[in-house]
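The following exercises are to be worked with the sequence and the coordinates at hand. Each task is followed by a solution in steps.

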Amino acid sequence: MITVKNLTGGYAGGEVLKGISFEVGKGELFGILGPNGSGKTTLLKMISGALDFSAGAIELDGRPLTQYSPKQLARMMAVLPQHSDQAFPYSVKETVSLGRYAHQKGWFHSWSEEDEQIVLKVMDQTGITQLQEKSIVELSGGEKQRVYLAQALAQQPRILLLDEPTNHLDLSFQKELLDLLKKWASEEELTVVSIFHDLNLASLYCDRLLLMKNGEVLIVDSPVEVLKEERIKSVYKTQIKNHPHPEIAKPQLLLVPETESDHDGVFKIDDRFLDVGHDRIILQSPVKLRTMSSGITGAGIGWHSSFVHRVVPMEYDCSDHKAEMAQYLQDKRFLPSETVGMMTAVPVETASYRSFETEGMSIFIIVSAGSTHRDSPRNINTWLFINGRISEEAFIQSAMTAAEAKISVLQELEGSGPGFAGQPAGISTDSICIAATQQGEEISYAGTATPLGKLISEGIYTCTKEAILNYRNSKSAFKLQ
């Protein structure tokens with residue numbers, strides 16, 4: 001639909017664009033990215049015909065841009081600039097109706113029922129129907145943006161050019177606008193070319209992205225390929241982290257602010273922060289820790305400062321244990337959003353907790369192990385606190401290493417005590433939490449052959465075995481009473 005070949009040009013005093021080439025297909029939502037001054041708006045103006053170029057070519061639907069008359073171009077293409085100024089105090093509906101000019105034989109002398117229905121439709125789609133009688137000068141910046149978008153859509157163009165279309169729009173209207181553009185691109189085969197400053201919105205909605213720098217094309221490809229972490233750091237000169245969106249397969253970029261640690265990289269989690277009561281074990285960290293957990297609350301990946309291991313009666317039965325656990329935490333003055341919470345019927349006094357240290361690395365481990373009934377499968381809850389900054393890969397490897405160590409203990413003790421013989425190495429109620437202080441130099445790996453992995457293996461093995469034996473001894477002592 002759009003072909004740009006070796007496009008060069010700019011304004012008096014110098015070339016802004018230098019040999020730009022790319023293509024945009026019919027029905028594609030195509031995003032243009034780049035820092036300020038990279039030439040994004042200049043490129044859009046040249047495609048729209050508003051700015052001449054000194055070399056190269058632009059074709060629309062296989063035909064040179066220069067061969068279109070102004071009215072032909074208006075029927076082919078609509079433009080929504082970054083800043084739109086209305087010289088006359090038209091009403092909203094009158095302003096939107098101007099978008100039908102390219103389809104008129106005279107100045108509104110041929111206004112038809114079709115024109116009317118199209119105007120009403122695009123006002124409804126852009127959420128401005130209730131504003132139609134208002135003067136355009138009375139509207140907020142976000143409301144004006146939606147009016148001018150409706151005007152552009154009223155043209156029924158085959159190509160829509162937008163310069164930062166979400167500018168001035170609140171979060172809900174940003175989503176509604178881009179959902180609408182995506183739908184039009186798909187269902188009406190509308191070709192959309194848009195400049196974005198918000199890289200995350202561009203990633204979510206665009207089929208392909210063009211990244212510019214200093215008037216040149218760096219890359220044209222899918223969002224996954226364009227938004228590589230190192231590339232964006234280099235182009236935008238800022239610290240970011242690339243993370244996948246939690247719901248769809250698109251990358252999202254997170255800014256990393258400059259921060260100063262109150263602990264200068266030497267902060268350690270150990271038993272100083274532990275509070276052991278008759279019905280719970282609580283670890284309260286003075287800073288939030290990066291966590292990966294299967295707890296009742298705080299499950300998944302997040303940041304938490306409170307860790308609550310709650311002991312419930314043997315007969316505990318609740319239809320909604322998550323809601324009940326959240327209420328328990330609130331009653332105890334913990335914020336569920338900042339707390340990893342687990343529960344068990346295993347007595348507190350049988351739990352094992354210790355610190356382990358080697359080669360400048362240290363960890364703190366809490367393990368509770370037992371069974372809720374004499375002959376039922378065991379329940380093992382594991383808390384692993386790592387004093388250090390670990391990578392995403394190391395988080396996953398830590399969980400794998402901990403699981404291997406737990407299984408080693410269970411295999412070793414298999415059949416050596418009541419209630420454990422012939423049972424599987426884990427059950428559905430087993431839980432684990434990995435928490436890291438994320439301070440100091442990054443530790444990339446935590447596999448069983450690495451220094452951190454060896455420390456985790458030793459610690460989990462020791463504490464799991466001790467917790468199981470503590471539980472067995474407590475059961476035996478109970479039987480002798």
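**Exercise 1. Cysteines**

Determine how many disulfides the predicted model contains, and classify C433 and C463 as buried or exposed.

*Solution.* Step 1: the criterion is a pair of cysteine sulfur atoms within 2.5 Å. By this rule, the count is zero disulfides. Step 2: burial requires a relative accessible area under 20%. C433 has a relative accessible area of 1% and is therefore buried. C463, at 0% relative accessibility, is likewise counted as buried.

**Exercise 2. The surroundings of S293**

Locate S293, state whether it is buried or exposed, and identify its contacts.

*Solution.* Step 1: S293 belongs to strand β14, which covers residues 280-293. Step 2: its relative accessible area is 9%, so S293 is buried. Step 3: a polar atom of the S293 side chain lies 2.8 Å from the backbone nitrogen of G295. Step 4: when neighbours within four places in sequence are left aside, S293 is in contact with G298, A299, G300, V340, M342, I432 and C433. One of these contacts, C433, is the buried cysteine with a relative accessible area of 1%.

**Exercise 3. Aromatic pairs**

State how many aromatic pairs a search of the whole structure finds. Then classify the pair F307 and W383 and the pair F364 and F385.

*Solution.* Step 1: the search of the whole structure yields five aromatic pairs. Step 2: in one of them, the ring centres of F307 and W383 are 6.0 Å apart and the ring planes stand at 85°, so this pair is edge-to-face. The pair links distant parts of the chain, since F307 is in strand β15 (residues 300-311) and W383 in strand β19 (residues 378-387), 76 residues apart. F307 and W383 are both buried.

Step 3: the ring centres of F364 and F385 are 6.3 Å apart, with the planes at 35°, so this pair is tilted. F364 is part of strand β18 (residues 361-371) and F385 of strand β19, so the pair ties together parts 21 residues apart in sequence. F364 and F385 are also both buried. Step 4: taken together, F307, F364, W383 and F385 make up one aromatic cluster.

**Exercise 4. Charges over rings**

Which ring does the charged end of R63 sit over, and which ring does the charged end of R310 sit over?

*Solution.* Step 1: the charged end of R63 is placed over the ring of Y68, at 4.3 Å from the ring centre. Step 2: for R310, the ring is that of Y328, with the charged end 4.1 Å from its centre.

**Exercise 5. Helix α5**

Compare the span of helix α5 with the expected value, and establish how far the helix is enclosed.

*Solution.* Step 1: α5 runs over residues 141-154, a total of 14 residues. From its first C-alpha to its last it reaches 20 Å, close to the 20 Å expected at 1.5 Å a residue. Step 2: eleven of the 14 residues are buried, so α5 is largely enclosed by the rest of the structure. The buried residues are G142, Q145, R146, V147, Y148, L149, A150, Q151, A152, L153 and A154. Step 3: the elements against which these buried residues pack are β6 (77-80), α3 (92-97), α4 (113-125), β7 (159-163) and α6 (171-187). Step 4: Q156, which follows α5, has a positive phi near 50°.

**Exercise 6. Q174**

In which helix is Q174 found, and is this residue buried or exposed?

*Solution.* Step 1: Q174 is found in helix α6, one of the elements against which the buried residues of α5 pack. Step 2: with a relative accessible area of 16%, Q174 is buried. Step 3: a polar atom of its side chain is 3.0 Å from the backbone oxygen of L169. Step 4: apart from neighbours within four places in sequence, Q174 is in contact with T166, L169 and L201.

**Exercise 7. E441 and the whole chain**

Place E441 in the fold and classify its exposure; then summarise the protein chain.

*Solution.* Step 1: E441 is in the loop between β21 (431-436) and β22 (442-443). At 73% relative accessibility, E441 is exposed. Step 2: the C-alpha atoms of E441 and R389 are separated by 6.1 Å, although the two residues are 52 residues apart along the chain. Step 3: the protein chain has twelve helices and 22 strands, and 48% of its 481 residues count as buried. Step 4: among contacts with a separation of 6 or more, 66% are between residues 24 or more positions apart.

Key: Residues are numbered from 1 along each chain as its sequence is written. This is a predicted model: local features need pLDDT of at least 70, side-chain atom pairs count only at pLDDT 80 or more; totals for chains, interfaces and linings use all residues. Side-chain values use heavy atoms; hydrogens and water are left out. Helices (H or I, at least four residues) and strands (E, at least two) are DSSP runs, numbered from the N terminus. The expected span of a helix is 1.5 Å times one less than its number of residues. Buried means under 20% relative accessible area, exposed over 50%, partly exposed in between (1.4 Å probe, protein chains only). Contact means heavy atoms within 4.5 Å. A polar contact is a pair of N or O atoms within 3.5 Å; within protein, one must be able to donate a hydrogen and the other to accept it, and residues adjacent in sequence count only if both atoms are side-chain atoms. Rings of Phe, Tyr and Trp (its six-membered ring) pair if their centres lie within 6.5 Å; planes under 30 degrees apart count as stacked, over 60 as edge-to-face and the rest as tilted. A charge sits over a ring if NZ of Lys or CZ of Arg is within 6 Å of the ring centre and within 35 degrees of the ring normal.
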